[in-house]
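Me: Could you take a close look at the enclosed empty spaces in this one for me? I'd like to know what surrounds them, and then hear about the annotated binding site too.

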Amino acid sequence: MPTTSASVHYADMDLLRIATAGSVDDGKSTLIGRLLYDTKSIFEDQLAQIEGASRRLGESGVNLALLTDGLRAEREQKITIDVAYRYFATPRRKFILADTPGHVQYTRNMVTGASTADVAIILVDARHGVLTQSKRHSFIASLLGIPHIFVAINKMDLVAWSEDVYRGIVDDYTQFAARLTTNDIRFVPMSALEGDNVVTASPRMPWYQGGPLLNILESVTAGRRRNTIDLRFPVQYVIRPNQQFRGYAGTVSSGTMRPGDEVVALPSGTEAVVQSIGTADGARDEAIAGDAVVVTLDREIDLARGDMLVRRRNRPVVADRFDAYLCWMHEEPLQPGRSYVLMHTTRELTAFVERIEYRVDVDSMHREPTTQLGLNEIGRVEVVTAKPLCFDSYRVNGATGSFVLIDPATNATVGAGMIRGPVNVAERAGASASPNVTWSDWNIPRHERETQQGHGALVVWFTGLSGAGKSTIAMAVERALFTEGRRTMLLDGDQLRHGLNKHLGFSPADRAENIRRAGEVARLFFEAGHVVLCAFVSPYARDRDAVRALHPDARFVEVHVSASEDTLRQRDPKGLYAREAANGTIGLSGISTPYEAPVAPELHIDTDAMSVDTAVDVVLAMIRRRLQQE
């Protein structure tokens with residue numbers, strides 16, 4: 001029996017969720033079996049059962065893939081159909097592995113299996129290289145916001161452990177991945193069947209010095225997808241046992257909640273204060289994401305299933321129309337205009353896809369015009385709901401940024417979607433600002449400008465509190481790019497507030513309008529082929545998401561520049577912190593008004609720990625990599 005201290009240590013270990021994916025027969029199930037076997041995570045009776053099944057199938061040895069291929073059809077066909085979950089632990093970390101199917105017919109299963117993962121392991125057969133299904137799964141992993149993609153180049157034993165083969169696959173995948181939004185992509189050559197570079201380093205590939213897969217999994221940062229900032233509490237059920245009690249039951253989707261917190265009920269907008277938080281085990285002083293609780297308020301308000309409690313100064317978008325990526329999961333194609341049941345948090349309501357902006361060709365990552373989406377196809381769509389919905393972008397909050405579509409006639413799940421943002425802030429070819437205004441296409445398309453000048457366009461958005469170093473870093477980066485011959489434009493908050501935005505104040509509405517205008521200006525320079533560097537406090541996540549929605553996914557980069565409050569007060573380049581301390585509140589972001597730090601920026605620079613020169617080098621390296629990939 002483990003000791004009490006050992007049990008406590010085990011309970012405190014962090015959990016890493018992993019999804020394996022790739023083309024059929026690339027060795028996903030074998031890899032998971034090898035991880036379980038070499039980490040001694042298999043019970044004796046399980047091993048005996050697998051040995052017996054291997055003999056019945058005529059295998060010469062133990063087929064480790066059978067540890068995860070649990071369905072009889074899977075074992076007979078030697079393919080994965082369902083999503084199989086396996087759990088194991090090492091002295092450093094706990095793991096949950098999702099073995100998702102590789103066959104194109106079951107891509108929809110991969111979407112569900114990978115939706116909660118911190119890491120996606122994309123397996124590539126060294127003999128065949130990067131195939132269409134490998135690209136499809138990588139693109140889905142990127143859309144799902146999985147922060148780490150590890151490309152396991154498997155079956156190296158069948159190509160004589162060739163470094164040239166490995167390098168060729170790395171080059172092919174890197175070229176494809178240039179258009180993905182995932183920044184942490186790593187490569188590991190291995191043989192899951194032989195165990196090389198899975199748990200222990202392989203002596204047969206001395207040219208690879210990156211360490212075995214398990215070491216990488218044990219050291220990677222976990223939990224970055226959890227949103228601990230934005231309180232979102234969708235009401236699941238109203239508990240009313242008598243006239244003296246009214247409680248609202250549900251699971252906290254994100255953020256934290258405590259008695260005494262001021263909250264707002266959406267979509268009504270009614271304000272209240274949290275009076276108590278209860279669970280089956282008694283009262284709680286705090287509820288965090290994932291906790292199932294019953295909340296009481298200081299007043300009786302009209303709440304129903306699907307309504308949401310949020311913070312007064314941190315609200316999601318409330319709208320009946322949004323822009324999203326949709327993965328279609330049904331044999332019958334998606335038809336715009338047809339009614340479906342949309343499920344979002346605890347809410348169910350009627351919705352329809354008004355139009356399909358484009359379909360993504362996962363081989364080339366090109367956007368193709370289309371009027372329908374077929375099975376396993378992915379497209380960008382505009383969804384209209386019968387009633388207003390409370391949502392965030394999926395990138396910021398997976399719980400309130402995801403939805404599924406259900407066919408009301410068959411009750412089949414037909415689509416899974418990831419919300420990009422509200423429609424009115426996304427680029428819409430042909431959309432009109434008023435009935436008397438007609439959209440006109442760009443006279444010289446951006447790709448022609450990019451071809452002529454020899455580099456792609458990019459928007460780099462620096463966000464952070466005053467004094468963190470946004471403008472200092474952005475100016476140095478622009479100077480370096482300009483010296484290299486790049487077309488650049490620096491947009492700074494102070495400069496715009498002296499001209500275009502000089503009549504705007506610092507209320508939440510004026511701040512939102514300030515960033516909306518800055519985003520539109522950035523888009524103009526972007527369409528002219530520039531590398532646009534934008535330095536704005538931009539305190540609200542929804543406003544930054546709106547600007548992101550104006551640009552192609554791989555062409556917008558968010559850089560969060562931060563420093564401790566002590567450092568900010570010490571620097572105080574504009575005297576704002578001193579003025580706040582002397583004169584009371586002046587609406588300083590992060591001090592007397594909210595600042596919503598990015599949950600998953602492309603780059604985070606802590607200027608307490610990083611010098612300006614180093615920060616500039618880091619940003620330049622990222623920009624150059626993006627421009628080369630374009």
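**Cavities and the binding site**

Reply: Sure, let's start with the smaller space. Keep in mind that this is a predicted model. The second largest cavity holds about 30 Å³ of space. Around that cavity sit V111, I140, L143, L144, C327, I378 and M418. Sort those by class and you get seven nonpolar residues, with no polar and no charged ones in the lining. Where does the second largest cavity lie? Domain 1 (15-219) and domain 3 (319-422) both give residues to its lining, so the second largest cavity lies between them.

How many cavities of 30 Å³ or more are there in the whole structure? The search turns up two. As background, rolling a probe the size of a water molecule over the atoms shows where empty space is left.

Now for the other one. The largest cavity comes out at about 60 Å³. Its lining is made up of R395, V396, A541, R544, D545, R548, E558, P598, V599, A600 and P601. Which helix gives the most to that lining? That's α13 (residues 541-549), with four residues. The class split is six nonpolar and five charged, with no polar residues. So set the two side by side: charged residues help line the largest cavity, while the lining of the second largest cavity has none.

On to the binding site. UniProt, in an unreviewed entry, puts a "binding site" feature at G464, L465, S466, G467, A468, G469, K470 and S471. Two glycines from that list are worth a closer look.

Take G464 to begin with. You'll find G464 in the loop between β24 (458-463) and α10 (470-483). Is G464 buried or exposed? Its relative accessible area is 0%, and the cut-off for buried is under 20%, so G464 counts as buried. If you skip its neighbours within four places in sequence, G464 is in contact with K470, F536, V537, H560, V561 and Y595. One of those partners, K470, is also on the UniProt list for the binding site.

Then there's G467, which also has its place in the loop between β24 and α10. The relative accessible area of G467 is 15%; buried means under 20%, so G467 is buried as well. Again leaving out neighbours within four places in sequence, G467 is in contact with L568, R571 and P573.

Definitions and conventions. Residues numbered from 1 in each chain as written. Predicted model: local features only at pLDDT ≥ 70, side-chain atom pairs only at ≥ 80, totals over all residues. Heavy atoms only, no water. 1 Å grid on protein atoms, 1.4 Å probe; cavity = no way out; pocket = protein on both sides within 12 Å on 5 of 7 lines; lining within 4 Å. Points joined across faces, edges and corners; volume = space filled by probe spheres on them. Nonpolar A, V, L, I, M, F, W, Y, C, P; charged D, E, K, R; others polar. Domains from an automatic or database assignment. UniProt positions renumbered as here; feature names shortened; annotations may be inferred. Buried < 20%, exposed > 50% of the residue type's maximum accessible area, 1.4 Å probe, protein only. Contact = heavy atoms within 4.5 Å.
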